[in-house]
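Student: I should like to take a close look at the charged side chains of one protein chain and at how they pair. Please explain each term as it arises.

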Amino acid sequence: ETWNDSWDGAPSVYSFKEHYAVYSFRSVAGIGSDGTNPLIYATATPEQKYLEGSYGLHANLMFGTSKDGGNTFTFKNLFSYLRISLTGSRTVRRIQLYENNYGNISGTFCFTPDAPEDFYIAGDTYSYIILDCGEEGVCLTDEPVDFYFSLPPFTASAGIGIFVEFTDGSN
C-alpha cells in the first residue's frame, strides 16, 4: 500500500505490504518509515472525557492489519484500563492521574506494526492524564462510582498518584 504524506508540503511516499488501521482515528499522528519498516505515530491524549461505565470516547488505542487489502482488519488493544472507584457526597469535576517519577503516560508515541505493544517516545509527552467529568461533574454516593482511564504501557516504579478536583473548587 502507498501512503502519501503531505503535511509539511513536501510529499513522502511509503510503500507497505499490508494495510494498517489505527482506532481511534483521532489518535493517528502520522505514518513513516525507518527505511525498512513502517512506523506508526499515535497520540495518547492527556485529556480524556468521562463516560459512565467505560473509558471515554476516543481514549482507547487499537492497531489493526489487513493482509488482503480488503475491509477485514484484525485489531489489537494497545492500551490498558485503570478503574478508580470513589465514594462520598461531593461532585467530581476532574481527576488527574500522574506517574510519580514524571514518566511519560500520554502524548505522541511511535511503534512498528510487528511489535505495536513496544512504544517509544516520538514527540510531546506528559506525565499525567486528566479525566474531565464536565462542568456538571459526577456526583459521588455511598456506593462506589467508577472512573476509567485508558493508559499506554508504562512502568511506574515509584507508583502513581491521583488528584481529585471537585465542582466547588476544592480538592
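Student: Is Asp132 buried or exposed? Please begin there and then describe the salt bridges around this residue.

Tutor: Asp132 is buried, with a relative accessible area of 10%. Buried means under 20% relative accessible area, exposed means over 50%, and partly exposed lies in between, with a 1.4 Å probe and protein chains only. Before going further, please note that this is a predicted model, in which local features need pLDDT of at least 70 and side-chain atom pairs count only at pLDDT 80 or more, while totals for chains, interfaces and linings use all residues. Residues are numbered from 1 along each chain as its sequence is written, and side-chain values use heavy atoms, with hydrogens and water left out.

Let us turn to the partner of this residue. Asp132 forms a salt bridge with Lys49, and the closest N and O atoms are 3.4 Å apart. This pair links distant parts of the chain, for Asp132 belongs to strand S13 (residues 128-132) and Lys49 to strand S6 (residues 47-49), 83 residues apart. A salt bridge is a side-chain nitrogen of Lys or Arg within 4 Å of a carboxyl oxygen of Asp or Glu. Strands (E, at least two residues) and helices (H or I, at least four) are DSSP runs, numbered from the N terminus. In general, side chains of opposite charge can pair when their charged atoms come close.

Lys49 also meets the side chain of Glu47 in a salt bridge, at 3.3 Å from N to O. Lys49 counts as partly exposed because its relative accessibility is 46%. Glu47 likewise counts as partly exposed, at 34% relative accessibility.

A further salt bridge joins Arg83 and Asp146, whose closest N and O atoms are 3.9 Å apart. Here too distant parts of the chain are linked: Arg83 is in strand S9 (residues 80-86) and Asp146 in strand S15 (residues 145-151), 63 residues apart. Arg83 counts as exposed, at 52% relative accessibility, whereas Asp146 is partly exposed, with a relative accessible area of 25%. Salt bridges that share partners join Glu47, Lys49, Arg93, Asp132 and Glu135 into one network. The structure holds 5 salt bridges.

Strand S9 also takes part in an aromatic pair, one of 5 in the count. The rings of Tyr55 and Tyr81 have their centres 4.8 Å apart and their planes at 5°, so the pair is stacked. Tyr55 lies in the loop between S6 and strand S7 (62-66), and Tyr81 in strand S9, 26 residues apart. Rings of Phe, Tyr and Trp (its six-membered ring) pair if their centres lie within 6.5 Å; planes under 30 degrees apart count as stacked, over 60 as edge-to-face and the rest as tilted. Tyr55 is partly exposed, with a relative accessible area of 24%, and Tyr81 is partly exposed, at 37%.

Finally, the wider setting. The secondary structure of the protein chain comes to 0 helices and 16 strands. Of its 171 residues, 38% count as buried. Among contacts (heavy atoms within 4.5 Å) with a separation of 6 or more, 65% come from residues 24 or more positions apart. The Asp132 and Lys49 pair, 83 residues apart, likewise links distant parts of the chain.
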